[in-house]
There are 2 protein chains.
Amino acid sequence: MHMPRKQRRPRSKLSDVALRAGVSAVTVSRALRRPEMVSPQLRERIDSAIKDLAYIPNRAASILASSRSSVIGVVVSSLTNGVFADYLRALHDMFQPAGFQVMVLNSRYSPLEEEKAIVTLLGQRPEALILTDVDQTPYARELLEHAGIPIIQTMGLTDAPIDINIGISQYDAGSLATHHLIELGHRRIGILAARLDSRTRNRVAGYTDAMKQKGLHDEALLEWSAVPSTVKLGGELFSALLSRCPDLEAVFCGNDDLALGVLFECARRGIKVPEQMSVVGFNDLEFAASSCPALTSIAVPRHEMGRLSAEIVLEIIRGSGARPKTSRIDLGFKLALRDSTRMSAQRGLKV
Amino acid sequence: MHMPRKQRRPRSKLSDVALRAGVSAVTVSRALRRPEMVSPQLRERIDSAIKDLAYIPNRAASILASSRSSVIGVVVSSLTNGVFADYLRALHDMFQPAGFQVMVLNSRYSPLEEEKAIVTLLGQRPEALILTDVDQTPYARELLEHAGIPIIQTMGLTDAPIDINIGISQYDAGSLATHHLIELGHRRIGILAARLDSRTRNRVAGYTDAMKQKGLHDEALLEWSAVPSTVKLGGELFSALLSRCPDLEAVFCGNDDLALGVLFECARRGIKVPEQMSVVGFNDLEFAASSCPALTSIAVPRHEMGRLSAEIVLEIIRGSGARPKTSRIDLGFKLALRDSTRMSAQRGLKV
DNA sequence: TTGTAGGCGTTATCAG
DNA sequence: CTGATAACGCCTACAA
C-alpha cells in the first residue's frame, strides 16, 4: 500500500462517470468512442454524468491501453518564419479533420535541439514524424530509422532519405534566382543571408556556382550574419554590402524578410527599385505580391508540401504499410516575377 | 487472455533495457531520472543498453504512473500572427529550461475551436493552461474552473478572470491610438480591421468612443473584413475606405500587417506618409521600426507577457499553491511614436 | 545502492 | 448491447 502523493483533488475518471450513470466503466468508454454501440437511453445518462462531473478522458491512459496516440509529431526550424507557419497551417488543415493531433516542437535551426525534439516526440509514440529539414544528427537518424513509423523530411531534398523526402532543391532555387539576375544583365549581384543553416547554405551554393559559371564571382558580394533574419537585419546587411561594393546592381536575399528590409533601406536612401537596384527575395511570402514595388521571389510550394506530406502519412497509416513508390518527391519551385527586378539599364541585353 | 493487436513490432521498453543491462527495471528508470542515485558502473551498462535498443521511454506510461505530465498547454488564436509567435517564443524560453514541454494548439480566433483545444489539452493533464484570450465559452469556462491547475488568460484584460489574467486593455490601446491621431489635428480618422475577434472589437470600441467624445464619429470611417488579416488586405481595405471617404486624413490599423499594406498602397498611389496620410499600426512587430516610413504603432509587451505568465506558472507549480495576490495584472502598453504620423498640415495645432 | 509489489485510468478481448 | 478482466509501461513506496 501507499499513500496518495498529490495534494490536488484527483480529476474524475471513467469509473466515477460509470458509477453516477449506473453502468460499467467499459460502457462509458464505448459511449465516448462508439456512441452507436450504446443504447440511446444509456448514452443520455452517461452524457449527463460526464457533463456533471466535467469529465475529460485521460489521454495518457488511453494511449497506453490502445497503443495509439493519434499524434503527428512535427519539428520546425522556426516558429516566426512565415514559411513554417504556412506549412504548419497546411498540416493542421489536413490532420485535424482526420482526427489527428499535430504536435509541434521548435528546433530553432539547431540540429541538437532538433535531436532533443525528436526524442521528446518519439516519447509520445506518435503515428508519424515530420521534419522540416533533411540533415539530422547521426543519433537522431538512428532513432528515426528504428521508430517504425512514417518519417517525412521536408523543405529540402536529400539523396539518402530516412523514409520519405518531399521538398525542393534549395541549390537549384538559389541558382535560378541568380541566373534570373544575370540574364537581366546584372554583373555585380550581391547575396544576403542570415544564419547559414543547411537550406540557406544550399541556396548560397547555388548562387555561388551560378556566379562562377559566368565569371562573376566575388567573395565581397556575400554578406551574412549569424543572427536570426529580420526586416531590420535586411537593411543592415544591405547597407554593409553597399558600402563595400558601391557598384552593386542587384541583391538576392536569402528570404523575403531580408528583402523587405532591403526595399525599405532603398526607399530610405532614395535608391529606386528596380531602376537602380534589382531585388529578389525567397519564399514568396504573402506580402511579396503586395509590397511596393512588388517583390520578385522564389515561390516555394509550402502549402502543397504540407498537403502532400499529410496525404502520404494518412495513406500509410490507414493503408497499413502501403508506401509510395518514390521516397523522394521533388515538388519544384517557380520564379515569381514581379516589379523589383528588371533589365539592367547599362546593358539592356541578355548576356 | 487476448492476442496482440498491433502488427508493428513493439518498441523496446524499460524491462528490455533492464534485461540487457542485467539489472531490474526500476534501476533503469532511476538511471534515467536520477542518475546520481545509481552507481557509475551500472549507469554505464544501462546507458549502452539504452543506446543499443534505441530505447525511448513511453511518456504515456510515465504520465499515467506519476500523474505528472510536465506539459504546459497553450492555446493561441493564430500561428501566423507575429504577436503570438513572439509570445510563444517567450514561453518556450522560460519553460524549456525548466523542464516543461510547451504544447501549442491553434484556435484560429474561434471560441468553439478554442473550446475543443482546451478539451484536448486538459486530456493531457497539463500542469497549467495558458490562453491568449479572455472570452471562453461557458462550457470551456466550466471545465477550466474544475481543472485544478493554474489557468492564465492573456493578451486582453477581463473583470472576471478564471484564475489569473495578465494582459493589457485593448480598449484603452485603441483609444490611445485614436487620441494620438486626434491630437495631431486629424479629424477624418479611419479604422481598418480584419476579423472582429474580441480583442479587435475592444480596440474598435476604444476608437469609436474616442471619436464620439470629440464629435468626430462617422460610421463610414470603419472598414473591416471577416477574412484573416494580411498585408494585401490592408491595401484593399484602405482603398475601399478611401473611395468612400476621399477626405481621409489618417488611418488606425487593427494590426501592423494591415498597416504595412496601407503603407504600400499609399506608395503605389503616390500618397505621402505622413505628409498626406497618418498611419498607426498595432502590436509594434519587428518590422514596424524599420519600415519606410517607420511605423507608429501600439507597443504591446508580448515578450514580458510571456515571461511573466511563465514565471507565475512556475512559481505556483513549484511553490505548491502559492498564488499571486492579484489575479489581474495590467501590463500596460506604449505608443511607439515614429514617422508615419505627424501633425496635420491643415490645422497645425492641437485640438 | 538496488529490488519487489502494486497501482495509475483506459481499452481489447471475450463472455453473457 | 453490456459487463468482467487482463493488459498497456512506468513510477511510487517500501523493503532489503
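Between chain B and chain A of this predicted model, 2 salt bridges are counted, a salt bridge being a side-chain nitrogen of Lys or Arg within 4 Å of a carboxyl oxygen of Asp or Glu. One salt bridge joins B:Arg108 to A:Asp93, with the closest N and O atoms 3.1 Å apart. Between chain B and chain A there are also 16 residue pairs in polar contact, both residues being at pLDDT 80 or more; a polar contact is a pair of N or O atoms within 3.5 Å, where, within protein, one must be able to donate a hydrogen and the other to accept it, and residues adjacent in sequence count only if both atoms are side-chain atoms. The side of chain B that touches chain A receives two or more residues from each of several elements, including helix 5 (82–95), strand 2 (101–106), helix 6 (111–123) and helix 10 (231–244) of chain B, helices (H or I, at least four residues) and strands (E, at least two) being DSSP runs numbered from the N terminus. Helix 4 of chain B gives the largest share of this side, 7 residues. By class, this side of chain B comprises 24 nonpolar, 17 polar and 16 charged residues, where Ala, Val, Leu, Ile, Met, Phe, Trp, Tyr, Cys and Pro count as nonpolar, Asp, Glu, Lys and Arg as charged, and the others, Gly among them, as polar.

In the contact (heavy atoms within 4.5 Å), 57 residues of chain B meet 58 residues of chain A. The area buried between the two chains is about 5300 Å², and carbon and sulfur atoms give 56% of this area; buried area is the accessible area (1.4 Å probe) that two parts lose on being put together, summed over both. B:Arg11, B:Ile56 and B:Arg125 supply 12% of the area that chain B buries against chain A, more than any other three residues.

DNA strand C is surrounded by 27 residues, of which A:Leu14, A:Ser29, A:Tyr55, B:Val26 and B:Thr27 are the closest; a residue is near a molecule or strand if one of its heavy atoms lies within 4 Å of it. Of the strand C atoms within 4 Å of the protein, 73% belong to sugar or phosphate and the rest to bases. A polar side-chain atom of B:Arg30 lies 2.8 Å from a base nitrogen of strand C, and a polar backbone atom of A:Ala61 is 3.4 Å from a base nitrogen of this strand. The side chain of B:Ser39 places an N or O atom 2.8 Å from a phosphate oxygen of strand C. The largest share of the surface near strand C, 4 residues, comes from helix 4 of chain A, and by class this surface has 14 nonpolar, 9 polar and 4 charged residues.

Around DNA strand D there are 28 residues, with A:Thr27, A:Leu42, B:Leu14, B:Ser29 and B:Tyr55 coming nearest. Sugar and phosphate account for 74% of the strand D atoms that come within 4 Å of the protein. A polar side-chain atom of B:Ser29 lies 2.5 Å from a phosphate oxygen of strand D, whereas a backbone N or O atom of A:Ala65 lies 3.2 Å from a base oxygen of this strand. Helix 4 of chain B contributes the largest share of the surface near strand D, 4 residues.

Residues are numbered from 1 along each chain as its sequence is written, and chains are lettered from A and ligands numbered from 1 in the order in which they are written. Local features of the predicted model need pLDDT of at least 70 and side-chain atom pairs count only at pLDDT 80 or more, whereas totals for chains, interfaces and linings use all residues, and side-chain values use heavy atoms, with hydrogens and water left out.
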